[in-house]
Amino acid sequence: MVVGVRAAVVAAVASTLLAASCGKRSPTRPGSETASPGSASGGEVTEDEVTAERPATEVEDLTLARAIDRRICRKSGCCVSAIEPAGSDRKGRSLVVATIDTGDPGVASCLVPHPAEPDAFGSGVLDKEPSPLRGRIASPPVEEAGAKDDEGGGDADEDQASGEGDSEGGARDDCHPYEYHLVVHTKGKIHRRQLLTEACNNGYGAAGVGEDNVSVDADTKTFTRRQSGGSNWRWEETTTLGLDPFRVVSNGKSTFWVLDEDGTSESWDLNYDTLQGTETWSVADCEGRRKQAEAAKNRDGGGSDESSASKDYSAVVIPRVELPAAFVQDGWRSIGLGDCGALIDGDKNGFAVYGGKGATADAAMRVAISKQQNMLFVEISDDHWTREGRSWVKEDHIELWLAPSGLRSSPDPCEGAPTEPTSDSSRQWGIRISDGQVFPGFGSPEPLAGVEVVRGGRTARARIPVGDWLKQEAELNSITVVYSDSDDGLRQKRLIATSTVARGEELSLGHARDIDPSDATCLVKGKALRINRLPHPTKPKEAKAAT
């Protein structure tokens, strides 16, 4: 009797399940045939029954992310969190920049989630044991033996796993660390990798205003990092790395004092591929500020909303670079500066400080300083030379302005400053193109010995010793070069200069900047100098220092 009851119950349950399944079909695997609406297995498929196929590019990114994880992340708390295309190298292989999240004890995001390993549970008092639901990130699989770089037998940073060691910007307990790596691959097969930089934003200074921004340009094959921070003095640094060939393309920096941004701002940038750079700076206008204060008092002691009076200046960076010894000795007489000198034409390059903008075809100038012997080289091109003018000022000539090192504005420069104008420490010399004779100018300077000038066709070249003035780091020196173009010997037609120089304002002089030989040197190629970019170090520590 019991058996009969059980059989009846089983039959009833089976009948119920069969009836419920008549209006619903089983999920269909991608690629399988779909039943027609009128067939016995017909019916609508709900969204949760079919898994959408991932786009091919996403699948490729995940495959590459897994390969990079195996190659770079060799400990827990490390994974690829982003992959940015960066073009192709000269062999046609793909370049990408991988963002590595090394935020131990837990990463913020991973393209390929790592399986969680549950904590130990049950070995002690139950209510003191960690929950098994709060998992750890499992260690990524160890890269298979023999997986080596196919260029040079291994990775450039094989000696250090990602996330090991100090990260730039502070200790790991007060910021989240990231690394950025260049990866060269072909369809997921990694050929080479290179650490670009590390970032760990802990505020980068007492003010806690630090920022990190990185960008990748696939067209130019470059990686750029902009970092800012500071306290009362704020700063921002920008470095651009070229990815093929690997090199530092450009550097730049800006600073200001938060209590007087109008009177203390400084910035500069320099491109090592072209040796062209610019700088700007502002200084307090003490006389203007005194007038502002007096005007405020006359308004019943009311304050003023206007910006504090200041003076703004700009300059083209004069490169102080390693030049060939033969060029420095005598080769300069017949070999041009080429792209190894800062270009000044008073239009798009440099400044027209008198006579308005002109054209390069009318007059232009290139300027460079050799690291050897601190020789200043100036190359002038002019469509018409003059001579036998009323004075050297009315003839074609070079003006050299120099001032003692370290002339820069400082916080509260007007506090206790004399109300009467003080003597200006800048000095000026005039060098006539026709015969190389040197004349004292502003400040009645001592004679400038050893100056040589040669002229041929539309080109004139000068070698000027400036070692007595440039005794410190190049960027601490104050120097401006001006070319005065006459055309008729009766008047100064136009003056083009390396800075917005003003007579009697020593702070208006520009500056030279040292070029490290590891970044660029100059070589003779044909009848002109050409920039020589040396292979950049590719070891991790050296690459980190570059940024």
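Me: How far apart, N to O, are the side chains of Arg 90 and Asp 244 in their salt bridge?
Reply: Happy to start there, bearing in mind that this is a predicted model. Arg 90 lies in the loop between strand 1 and strand 2 (94–101), and Asp 244 in the loop between strand 9 (233–243) and strand 10 (246–257). The two residues are 154 apart along the chain, yet their side chains meet in a salt bridge with an N to O distance of 3.3 Å.

Me: Is Asp 244 buried or exposed?
Reply: Its partner Arg 90 counts as exposed, with 65% relative accessibility. Asp 244 has 15% relative accessibility. Buried means under 20%, so Asp 244 counts as buried.

Me: Which residue forms a salt bridge with Arg 533?
Reply: Arg 533 sits in the loop between strand 28 and helix 6, and the partner is 260 residues away, in the loop between strand 11 (266–271) and strand 12 (276–284). Arg 533 is partly exposed at 21% relative accessibility, and the partner is partly exposed too, at 28%. With the closest N and O atoms 2.5 Å apart, the partner is Asp 273.

Me: Where is Pro 535 found, and how far is its C-alpha atom from that of Ala 520?
Reply: Pro 535 is found in the loop between strand 28 (528–532) and helix 6 (540–546). Its relative accessible area is 77%, and exposed means over 50%, so Pro 535 is exposed. Ala 520 is 15 residues away along the chain, and the two C-alpha atoms are separated by 9.7 Å.

Me: Which residues are joined with Asp 330 and Arg 333 into one network?
Reply: Asp 330 and Arg 333 form a salt bridge, their closest N and O atoms being 3.7 Å apart. Both are partly exposed: Arg 333 at 35% relative accessibility, and Asp 330 at 44%. Through salt bridges that share partners, the network also takes in Glu 452 and Arg 463.

Me: How many salt bridges does a search of the whole structure find?
Reply: The pairs above, including Arg 90 with Asp 244 and Arg 533 with Asp 273, are part of a wider set. Searching the whole structure brings the total to 23.

Me: Which strands stand at the edges of the sheet with the order 1-2-5-6?
Reply: This is an open sheet of 4 strands with antiparallel pairing. Its twist averages 20° from one strand to the next. An edge strand has a single partner, so one side of it is left without a neighbour in the sheet; that describes strand 1 (79–88) and strand 6 (189–200).

Me: What is the bridge partner of Val 184 in strand 6?
Reply: Strand 5 (residues 177–186) and strand 6 pair in the antiparallel sense over 10 bridges. Val 184 falls within the residue range of strand 5, and its bridge partner in strand 6 is Arg 192.

Me: In the open sheet of 6 strands, which residue of strand 24 stands opposite Ala 403?
Reply: That sheet has the order 16-25-24-19-20-21 with antiparallel pairing. Strand 16 (351–354) and strand 21 (438–440) are its edge strands, each pairing on one side only. Strand 19 (residues 397–403) and strand 24 (residues 478–485) pair over 7 bridges, and opposite Ala 403 stands Ser 478.

Me: Which strand gives the most to the largest nonpolar core?
Reply: The largest nonpolar core has 34 residues, and Leu 196, Leu 243, Leu 323, Phe 327 and Phe 377 touch the most other members. Several elements each supply at least two residues, among them strand 2, strand 9, helix 5 (325–329) and strand 18 (375–382). With 3 residues, the element that gives the most is strand 5.

Me: How many residues are in the other core, the one with Ile 369 and Val 378?
Reply: This other core lies apart from the largest one, and Ile 496 and Ala 512 are also among its members. Its size in residues is 30.

Me: What share of the residues of the protein count as buried?
Reply: The protein has 6 helices and 28 strands. Among contacts between residues at least 6 apart in sequence, 62% join residues at least 24 apart. The accessible surface comes to about 28300 Å², with 51% of it belonging to carbon and sulfur atoms. Of the 547 residues, the share that count as buried is 41%.

Key. Residues numbered from 1 in each chain as written. Predicted model: local features only at pLDDT ≥ 70, side-chain atom pairs only at ≥ 80, totals over all residues. Heavy atoms only, no water. Buried < 20%, exposed > 50% of the residue type's maximum accessible area, 1.4 Å probe, protein only. Pairing = 2+ DSSP bridges. Axes fitted to C-alpha atoms, helices over the stretch in contact; angles between N-to-C directions. Salt bridge = Lys/Arg side-chain N within 4 Å of Asp/Glu carboxyl O. Core = buried A, V, L, I, M, F, W, Y, C linked by side-chain atoms within 4.5 Å. Contact = heavy atoms within 4.5 Å. Areas by Shrake-Rupley, 256 points an atom, 1.4 Å probe, with all protein chains shown as cover.
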